[in-house]
Amino acid sequence: MTAPSLSPEDFQPLRSSVSDQQLSRPSLSYWADAWRRLKENPRAMASLGLIAFLLAFVSIGPYLWQVDPSAQDLDQIGIGPGADRSVTLAAPFQPWLPEQQATTLDDNVLGFTLAMPATTQAVRLVWTMENSARYRLYRNLFDPSDTGSFGLPLAELDRSYFEDRLDLQAGTYYYSLVMLDANGAETSSTVTEAVQVTRVISAAEALQRGLIESEGDAQLGMALELAWHPLGTDYLGRDMLARLMYGGQVSLFIGLFAPLAFVLLGVIYGSVAGFLGGATDQAMMRFADFVVALPFLLFMILFKVIFGIGPGESGIWPMLVAMIILLWPAPARLVRGQILQIREEGYVSASRLLGGTTTYVVGRHMLPNTLGVILVTITFQVPSAIFTEAFLSFIGMGVAPPTPSWGAMCNEGIKSMLTRPHELMFPALLISITVLAFNLLGDGLRDALDARMRGAE
């Protein structure tokens, strides 16, 4: 059989177009591909934007809304968002001399009526006086016919007039006058009067608050606008928006700093235990089990005593120390498990054969390959730390007034949630949004950093 004849043209290289050599998808690094998959997760990106907004709210917000969170607006105590801010300019308060003022009594059983229009300066009431009679006066925010209670007892009197100046706010009050018998028991002679209280301010007070430029511009009866509080005020008249901003600084500082600290401690501890293995690993893990069994609240109280934190004082640092000392075993176990798996890989053995020290091998090869797990752990620990701070502040063991935090504000707001629900609703809503955002971001990071999902695409 003869060999075929070949010419030089038969050995020319195969020509191909550039398009034939292009890959269907450009080669991406591990982190670039993780970022690409994270961007494709709408819930994770929405939560990331929400976290960025919350951080800007507590860091940049106080520079934009320059209101002292401890300053009190005594004319607007416990008002809700969008409340009426109008105030009427009135004459300064003058002592009341009822015997020098003629008043037409009402035609009810006791002649119970107002002596003059009710304002936030005073509510002045008069009634018919019977011989040797005594009366008990009550005040209520709600109609006694609906609640079955007269409300707050103001005074027991043996005269026919009373001036109420106790914490008056604009709104409707229900005053109930009850006649007493000779033994001091209440009789059936009872009258309830609904009184509409008008918010007023004197010219001197308006000038002090910057509502008018000079007292010469003041005219009695003119309408003015008080300071604006977008989210209302609390039970002491402090601006809710300012307190939420400054309270968020405390809550997010604890929620971010504490997880970073105890996760870092757990990473170091778990990586050393996993790399060394053997009896050292077992001893270190048994110590971690011992730390898990320690009661958190007991150590929180112990650290407050050590730091000299008394009753009613903020325990921010004892709380941070308790979290760092007691919460590191969980991330330590997680990192240890990853290190035990990675140390059997070939590139780790090669690095050790080439003379790599323990510190080099752990820092250069092992920890970078567990960084995804560490990031996911931090994102899941942040909401846990925020909730822990909120819970401790809520029960009075964390941040104490006047230092604001979202948990402490919830503790204050729950006392008046039926009459002023916004004091509880806003801080509780921010806590819920923050916890939800970090949880959704943690889910997104877990999916994006999972190397097994790369091959599934």
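Here is a short tour of one helix and two enclosed spaces, stop by stop.

Before you click, know that this is a predicted model, where local features need pLDDT of at least 70, side-chain atom pairs count only at pLDDT 80 or more, and totals for chains, interfaces and linings use all residues. Residues are numbered from 1 along each chain as its sequence is written, and side-chain values use heavy atoms, with hydrogens and water left out.

**Stop 1: helix α8.** Select residues 278-292, which form α8. (Helices are DSSP runs of H or I with at least four residues, numbered from the N terminus.) Now colour Asp281, Met284, Met285, Ala288 and Val291: they are buried, meaning under 20% relative accessible area with a 1.4 Å probe, protein chains only. These buried residues sit on the same side of α8 because they cover an arc of only 105 degrees around the axis, taken from the directions from the helix axis to the C-beta atoms. Spin to the face turned away from that side and you'll find Ala279 and Phe290, both exposed (over 50% on that scale).

**Stop 2: what covers α8.** Show α7 (240-276), α10 (316-326) and α11 (329-342), which are among the cover over the buried residues of α8.

**Stop 3: the largest cavity.** A cavity is a set of points on a 1 Å grid over the protein atoms alone where a 1.4 Å probe fits but cannot get out, and lining residues have an atom within 4 Å of a point. Select Asp234, Met240, Met409, Glu412, Gly413 and Glu423, the lining here. Helix α15 (residues 406-413) gives the most, with 3 residues.

**Stop 4: the second largest cavity.** Pick Ile51, Leu54, Leu55, Leu252, Leu256, Thr434 and Phe438, which line this one. Helix α3 gives the most to that lining, with 3 residues.

Definitions and conventions. Helices (H or I, at least four residues) and strands (E, at least two) are DSSP runs, numbered from the N terminus. The expected span of a helix is 1.5 Å times one less than its number of residues. Contact means heavy atoms within 4.5 Å. On a 1 Å grid over the protein atoms alone, a cavity is a set of points where a 1.4 Å probe fits but cannot get out, and a pocket is an open set with protein on both sides within 12 Å along at least five of seven lines; lining residues have an atom within 4 Å of a point.
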